[in-house]
Amino acid sequence: MFFNFFSLTALAALATANAQGSSCPEAARFGNVNVSPSTLSPGETFTVTTNLTCAIQKGNTPTFLDYCISATATHTVTGPILIARRTYDNTTSPPIDQFTAVLPNWFYFTDATYSLLLDNSFARPGPTGESVITTGGILTPINITGF
Ligand SMILES: *[C@@H]1O[C@H](CO)[C@@H](O)[C@H](O)[C@H]1NC(C)=O
Ligand SMILES: *[C@@H]1O[C@H](CO)[C@@H](O)[C@H](O)[C@H]1NC(C)=O
Ligand SMILES: *[C@@H]1O[C@H](CO)[C@@H](O)[C@H](O)[C@H]1NC(C)=O
């Protein structure tokens, strides 16, 4: 009886661990990006923290990480603005890419919607087994004010 109970508990623990391990949402497949503060003015310093746990788990281990400010509006906006271009070292533990940046003085619009765009460039084997780098992007909303 004790052993039965024990193995059931062990199985339950294993199931929980598996569920947690595979609980990565699709939205985090290229990285989970946090921008702090998320409301910025030109010249202001901000911190970007990207959790790459899920990206790596889904086979999207970054080679390069490019960060841009991108805008959408009903009219033409110039950009995206390149904020940082980083090389990722997969021995980084925990798998977090963190840096600070300053929001550049640029042509901002009160009616535009802004995001921080992360482009994760990762290597995957192609049909012949040769490694090919493809890119996946994720947008994180930010506000830009005070320009
Ligand atoms: C990174 O994301 C994973 C998966 O969501 C989570 O388990 C882990 O705690 C996060 N790491 C940090 C430092 O926030
Ligand atoms: C990156 O590291 C993780 C964890 O050690 C590993 O599972 C993954 O296969 C590595 N990715 C590459 C492309 O080496
Ligand atoms: C942007 O500003 C609006 C209005 O103040 C606020 O509701 C929203 O949470 C802000 N978004 C971010 C990402 O800070």
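Helices (H or I, at least four residues) and strands (E, at least two) are taken here as DSSP runs, numbered from the N terminus. On that basis the elements of the protein chain follow the order α-β-β-β-α-β-β-β-β-β from the N terminus on, which amounts to two helices and eight strands.

The model is a predicted one. Its protein chain has a mean pLDDT of 89, and 85% of the residues reach 70 or more. Residues 1-20 have a pLDDT below 50, and in the model this stretch has zero contacts beyond near neighbours in sequence. Of the 147 residues in the protein chain, 19% are buried. Among contacts with a separation of 6 or more, 65% join residues that are 24 or more positions apart.

**Sheet**

An open sheet is formed by five strands in the order S2-S8-S7-S4-S5, with mixed pairing. Strand S2 (39-40) and strand S5 (81-87) are its edge strands, each pairing on one side only. Strand S7 (residues 113-125) and strand S8 (residues 131-144) are antiparallel to each other and are joined over twelve bridges. Within this pair, Ala123 stands opposite Ile133 in S8, and Phe122 has Thr134 in S8 as its bridge partner. Five residues lie between the strands in the hairpin of S7 and S8, where Gly129 takes a positive phi near 90 degrees. S8 also pairs with S2, here in the parallel sense and over two bridges. Leu40 stands opposite Ile144 in S8.

**Core**

The largest nonpolar core has 19 residues, and those with the most contacts inside it are Val33, Val48, Tyr67, Leu116 and Leu118. Two or more residues of this core come from each of S1, strand S4 (62-72) and S7. In soluble globular proteins, nonpolar side chains tend to be buried together.

Is Val33 buried or exposed? Val33 lies in strand S1 (residues 32-36). A residue counts as buried if 20 or more other C-beta atoms lie within 10 Å of its own; Val33 has 22 within that distance and is therefore buried. Leaving aside neighbours within four places in sequence, Val33 is in contact with Val48, Thr50, Leu116, Leu118, Ile138 and Thr140. One of these partners, Ile138, is 105 residues from Val33 along the chain, yet their C-alpha atoms are separated by 8.2 Å.

Leu116 touches Val33 as well as Val35, Val48, Tyr67, Ile69, Thr140 and Ile142, again not counting residues up to four places away in sequence. Val48 and Thr140 thus appear among the contacts of both Val33 and Leu116.

**Ligand surroundings**

The shells around two of the ligands are set out below.

| Ligand | Residues around it | Nonpolar | Polar | Charged |
|---|---|---|---|---|
| Ligand 1 | Asn51, Thr53, Cys54, Pro94, Ile96 | three residues | two residues | no residues |
| Ligand 3 | Ser38, Thr39, Pro141, Ile142, Asn143 | two residues | three residues | no residues |

S8 gives the most to the shell around ligand 3, with three residues. Ile142 belongs to the residues around ligand 3, and Ile142 is also one of the contacts of Leu116. Around ligand 1, Cys54, Pro94 and Ile96 are present together with Asn51 and Thr53.

Technical notes: Residues numbered from 1 in each chain as written. Chains lettered and ligands numbered in written order. Predicted model: local features only at pLDDT ≥ 70, side-chain atom pairs only at ≥ 80, totals over all residues. Buried ≥ 20, exposed ≤ 12 C-beta atoms within 10 Å, placed from the backbone. Contact = placed C-beta atoms within 7 Å. Pairing = 2+ DSSP bridges. Near = placed C-beta within 6 Å. Nonpolar A, V, L, I, M, F, W, Y, C, P; charged D, E, K, R; others polar. pLDDT = per-residue confidence, 0-100. Core = buried A, V, L, I, M, F, W, Y, C linked by C-beta atoms within 7 Å.
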